[in-house]
Amino acid sequence: MSVTPAGLRCESLAGPLGLGERRPRLSWVLRADRRGVTQTAYEVFVAEDEADLTPEKALWNTGRVASAQSAHVRYDGPPLESRQRYVWKVRVWDENGDTSDWSEPGFWEMGLLNAEDWQARWVEPRQEPVTPEPPVGFFAAMGMKPRTLEEMRALPETLHPCPRLRKTFEVPGPVGRARLYATAHGLYTLHLNGERVGDRELTPENTSYPQYLMVQPYDVTGQVRVGENALGITLADGWYAGRTSATGDSLNFGDRLAVLFQLELELEDGTRLTVTSDGDMRSSLEGPFVYSDLFIGERYDARREQPGWSAPGFDDSAWSPVTLADHGYGNLVPQYGEPVRAVMTLPAVQVLTTPAGETVVDFGQVIAGRVRMTARGPAGTEVFLQHGEVLDEHGNFFQNITWRNKDQTDVYVLRGAEEETYEPTFTFHGFRYVKVMGSPGEVCPEDFTAVVLASDLPPAGTFETSDPRLNQLQSNIVWSQRGNFLSIPTDCPQRERTGWTGDIQAFAPTAVFNMGAQAFLTRWLRNVQREQLPDGQIPHFVPTTPRMQDPFGGRSSAGWGDACIIVPWVLYQDYADEGVLAENYPTMQRWLAYIEREAANGLPEGVTAEGLSPAERERQRYLWNTGFHFGDWLIPSIPNPGEGAFATKELVATCFYAYSAGLLAQVAGVLGKEEDAERYAELNCRVRRAFAEEYLSEDGRLRAHFQGVYVLALHLNMVPEERCPQVLGQLVGLIEANGDRLDTGFASVPFLLDVLSNHGRADVAYRLLFQTGCPSWLYEVERGATTIWESWRAITPDGGVNAGSYNHYAFGCVGDWMYRTLGGLQRLEPGYRHFAVRPDFGCGLTSARTAHDTVYGPAAVQWSRDGDRVTLCVTVPAGTRATVHLPGPAERVRLDGGELTDGEGVLAVETQEGEVRVTVGSGTSTFTAVLPDRRQVVASRTADPMS
């Protein structure tokens, strides 16, 4: 048969170890050598052994299920057991009723599901409690200066060595299987018999430690020996106790480091052994890690290395005993989603001698990661590596982040070998440039490599056009996502590294196109669920450090807390995952209930209930116009973000009130909660009506006269339909008065170009996209940006270089619009089961190529234009269909070189308003068409991106 199920995934992962889902979801795609393939039924077998994947022996046999579903089929068999490995396979029936061959087997393996599975004890090594940082406010932290070299040398007085621990054990015979489960308070690395265990980095990652502490699984079957074995652990402060968040506070969750591990062995003769962290272990502070802090950096003294410390036979008699701790197991969860890894390396591009005489290594790309350095010199030589993202206007090294404890400086002390290589372990930095100080010899490019760290998400989307500047913009978007999708979705990889909710809700549609982010964002949402406050508020950022719970005068904000609804909805739309909606539904409801109470019970300052008419009092119930909000944060024309927030917060908050109510109505509808859906839809209508009555004047002007407010009002249907032209006119007037430049902030910029193109002003949208003046996306590109900046004016038109983050993905949300409008790939149904292909051939480009790995397989659009002739190639995954929009008339459209009606796989052809819509099934189809004069007129009025 020409149809075969393949690409088996469990919880969107291939062969996951240590899974914690008790009813995991199974997915596959269809491979076919013909067009028009659909699945009409499936059958899944699950067993504990591949030999048992039969109808008689399978643990779970679905039988033939009449369904087109091939994504997120939930396991519904007998309860799954801790540690057990499960294999599965699937076959399908196609549209002709033919049965496929069985797929190649896939597998998953369960982790430790229950507290009683743990025999291990929490162990604390010998250590000095982490030094607390004096409390400072957010704005005080901003003004602090980086340390001098002498101050860096003095850091061991306040930062402490990284503890090491050892555990020895005997294995009486050959090992058939060995699994190691581990986690820590702080960061940890494992070495078994002198070799590093696994390739995970910064474990157990950035998490809400008290509520959600992940346990990492390792297959160490090949590392355990017959006879004596030794397990070595190194701990560091990390997110648990180190200096993190915007203010650089320490002790975010505790002041003492601890480790928990359990090694389970199954010998070839069937004997089972368990080796655990316990009171028999030894610990030491004498290793080479003098200190290691996530933000400040790491000091590694190679003279203090202890060869063989994690191998059998090492003399640890001088080491200290450990202390047992009672931290419990209630917050432990098996690792979910892809781990942080070193995902790539970049060679040094050049070594610069700056006008100031500094030696700077340039890697050509802003990244999140660390440097691998090879050095030669006398023992005791200190080499300082200071990291930054840009050079200043004179070409000198520039430390663009200067807040408290943001030094981003690693120190390596040579041991005096002929050649030695150093790469930090427990820290990472945001950088392109590294200033090298103290090198004993010539600094050569070949001695330096940048190691990129990120959550190891699979690439999922590509976008390329005939304009190299847009291609660089796309590269900048992807690099910012890579640098900030490190354990959690962060705002920046150098200053805060914080899971700001507002940033990810704006960027999520772009994020899921570029990378397979389903498990990654699902895991982050589980932290959001656990950190929701009792009254329903969602913190500004998650995980939330206790000392940063209320830095702005409010615990949550419109447009930020709404991420608990927006992000699950984005995941559902891209991955057809109803499970993420069901899992987050209670969190969504509590958040919206909080908003309802705030709106109903509050009145803005200076307004009293007695001074309102009954109609005005009723309207106030649906306006969220009290409390703290970020508003349309970072409006370019307002230098002080706080002023922009204050000026826009009331209207922005009410817009997001309506937005969340409307989304929750849709979520409830998907989940079959019809009463909820009706109630939330009615709430959405009431809020929109109150907004228009309160804030919209007769001439279409809104009370907060800013581009972003008009964008939100139009995109979220806050304006009666008949008033939209007036409001659109106000928006366009503001844009044109600003020199055809945007002036939108975090909350509104995701919708800016959609509002214009959807309301008949694509010409304005293209003027904004191809704008090269400041602020604009291409302004950054033309000034050498390799990531997305936090501030549009990070480098000013006169060349001045400002302090701040040069790696902030939020404004990269324009990617979503580009993929849909320029690339033409537009999702119509969740998971792209049905999608539209509708590129704008009048956009000013001559070609574009867009592809996305959907849950059903790769979907791709490639088009080119030569004069008035366009060629369009469309790839449709098996089990899906695409509606292709082409200029008419139909008789001038060709499919694969022949007549349109004769094309293979054509499901429908219709013509509306001179446009031909061709619906095709799976496979690859090539169309040609001729643009009518009206399209040519539109193109001639569009800014030429190549001029």
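## Two helices side by side

In this predicted model, a group of residues in helix 7, made up of Cys564, Ile565, Pro568, Trp569, Leu571 and Tyr572, is in contact with Glu578, Val580, Leu581, Asn584, Thr587, Met588 and Trp591 in helix 8. When the residues of this contact are sorted by kind, ten are nonpolar, two are polar and one is charged.

Helix 7 covers residues 563-575 and helix 8 covers residues 578-601, and their axes come within 9 Å of each other while crossing at roughly 165°. Because angles over 145 degrees count as roughly antiparallel, helix 7 is described as roughly antiparallel to helix 8. The crossing of these two helices is left-handed. A general point about helices may help when looking at the contact: an α-helix has 3.6 residues a turn, so residues three or four places apart point the same way.

## Salt bridges across the chain

Side chains of opposite charge can pair when their charged atoms come close. Over the whole structure, a search finds 63 salt bridges, and three of them are described here, beginning with the pair formed by the side chains of Glu133 and Arg404, for which the N to O distance is 3.8 Å. Glu133 sits in the loop between strand 8 (122-124) and helix 1 (138-142), whereas Arg404 sits in the loop between strand 28 (397-398) and strand 29 (409-413), and the pair thus links distant parts of the chain, 271 residues apart. Are Glu133 and Arg404 buried or exposed? Glu133 is buried, and Arg404 is buried as well.

A second salt bridge brings together the side chains of Arg147 and Asp407, with an N to O distance of 2.4 Å. Arg147 belongs to the loop between helix 1 and helix 2 (149-153), while Asp407 belongs to the loop between strand 28 and strand 29, so this pair ties together parts that lie 260 residues apart in sequence. The two partners fall into separate classes of exposure: Arg147 is partly exposed, with a relative accessible area of 24%, whereas Asp407 is buried, with a relative accessible area of 3%.

## A strand-to-strand pair and a network

The third salt bridge is formed by the side chains of Glu382 and Arg299, where the N to O distance is 2.5 Å. Glu382 lies in strand 26 (residues 382-388) and Arg299 in strand 19 (residues 297-301), so parts of the chain that are 83 residues apart in sequence are tied together by this pair. Both Glu382 and Arg299 are buried.

Which residues are joined into one network by salt bridges that share partners? The network consists of Glu133, Asp237, Arg243, Asp249, Asp293 and Arg404, and it takes in both partners of the salt bridge between Glu133 and Arg404 described above.

## Backbone features to look for

Most residues other than glycine have a negative phi, and most peptide bonds are trans. Against this background, the peptide bond from Cys774 to Pro775 can be picked out as cis, with omega near 5°, and Pro775 is found in the loop between helix 15 (762-769) and helix 16 (777-782). Another cis peptide bond joins Gly888 and Pro889, where omega is about 0°; here Pro889 lies in the loop between strand 41 (881-887) and strand 42 (894-895).

Two serines deserve a look for their phi angles. Ser245, although a residue other than glycine, has a positive phi near 65°, and its place is in the loop between helix 3 (238-241) and strand 15 (258-267). Ser245 is buried, with a relative accessible area of 4%. Ser487, which is not a glycine either, has a positive phi of about 75° and is placed in the loop between strand 34 (485-486) and strand 35 (488-489). With a relative accessibility of 1%, Ser487 also counts as buried.

## Buried places in two helices

Glu694 lies in helix 11 (residues 674-695). Its relative accessibility is 17%, and Glu694 counts as buried because the cut-off for that class is under 20%. If its neighbours within four places in sequence are left aside, Glu694 is in contact with Arg619, Gln620, Leu623 and Arg703.

How many of the eight residues of helix 17 (residues 814-821) are buried? Seven of them are, so helix 17 is largely enclosed by the rest of the structure. The buried residues of this helix are Val814, Gly815, Asp816, Trp817, Met818, Tyr819 and Thr821.

Terms used:
Residues numbered from 1 in each chain as written. Predicted model: local features only at pLDDT ≥ 70, side-chain atom pairs only at ≥ 80, totals over all residues. Heavy atoms only, no water. Axes fitted to C-alpha atoms, helices over the stretch in contact; angles between N-to-C directions. Helix = DSSP H or I, 4+ residues; strand = E, 2+ residues; numbered from the N terminus. Parallel < 35°, antiparallel > 145°, perpendicular 65-115°, else oblique. Left-handed = near helix turned anticlockwise from the far one by under 90°. Contact = heavy atoms within 4.5 Å. Nonpolar A, V, L, I, M, F, W, Y, C, P; charged D, E, K, R; others polar. Salt bridge = Lys/Arg side-chain N within 4 Å of Asp/Glu carboxyl O. Buried < 20%, exposed > 50% of the residue type's maximum accessible area, 1.4 Å probe, protein only.
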